[in-house]
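Welcome! Please take a look at the sequence and the model shown here, and then let us walk through the way its parts pack.

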Amino acid sequence: MPIRIRWTSKEYFGFLLLLLGMSGMFQLFFIFIGQYFLAMGNHIVVILIPIGIWVAIFYATLIIFESYAQVERREKLRSQFLKSKIKSSTLNRFLSAPITKPLLIILIFFSIFFFSIFSISILFLDNTIAFLTAEILSAIFCLLIANLIEKNYGRVKRY
């Protein structure tokens with residue numbers, strides 16, 4: 001059974017707020033793209049629907065964060081007496097921060113799914129409906145990928 005993080009504790013409350021804020025900034029970027037580059041004029045489609053997508057993205061990042069925390073805790077328990085590495089590259093230090101991996105995974109997959117679904121659905125649907133379809137389906141795919149990561153990467157192996 002994977003660990004469940006108590007988000008209201010003082011250790012993880014900052015991570016919770018960072019994940020919430022970065023998910024919101026990510027969705028704000030897509031609102032900007034939708035309004036100015038994809039010619040969305042409807043405020044309900046551009047503002048209200050992405051709020052629900054923001055919650056879905058936030059939940060997906062929480063799932064991925066918890067699975068990475070599970071793996072990190074398991075590795076820490078296994079290798080607590082080994083020597084630590086002294087030098088690491090800038091990329092490794094950037095990726096070792098706890099919130100970067102979940103946010104990068106969601107950012108990459110959401111962007112890929114959004115632009116591919118939007119480019120396909122714009123051929124058959126109206127601009128507004130294509131934007132809605134791309135946002136909703138991309139959020140669903142991100143939730144499925146977060147579930148897949150939790151089941152395959154963050155599972156507890158018992159011997």
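## Contacts and cores

L38 touches I33, F114, F118, N127 and F131, leaving aside residues up to four places away in sequence; contact here means heavy atoms within 4.5 Å. This is a predicted model, in which local features need pLDDT of at least 70, side-chain atom pairs count only at pLDDT 80 or more, and totals for chains, interfaces and linings use all residues. Residues are numbered from 1 along each chain as its sequence is written, and side-chain values use heavy atoms, with hydrogens and water left out.

The largest nonpolar core has 29 residues, and L38, F110, F114 and F131 touch the most other members. A nonpolar core is a set of buried Ala, Val, Leu, Ile, Met, Phe, Trp, Tyr and Cys residues joined through side-chain atoms within 4.5 Å, where buried means under 20% relative accessible area (1.4 Å probe, protein chains only). The helices below, which are DSSP runs (H or I, at least four residues) numbered from the N terminus, each supply at least two residues of this core.

| Helix | Residues |
|---|---|
| α1 | 13-37 |
| α2 | 43-78 |
| α4 | 100-121 |
| α5 | 127-152 |

With nine residues, α5 gives the most to this core.

Now for one residue of helix α4, I117. I117 is buried, with a relative accessible area of 14%. Among residues over four places away in sequence, I117 touches T133, A134, L137, S138 and F141. The C-alpha atoms of I117 and S138 are separated by 7.9 Å, although the two are 21 residues apart along the chain.

Notes
Buried means under 20% relative accessible area, exposed over 50%, partly exposed in between (1.4 Å probe, protein chains only).
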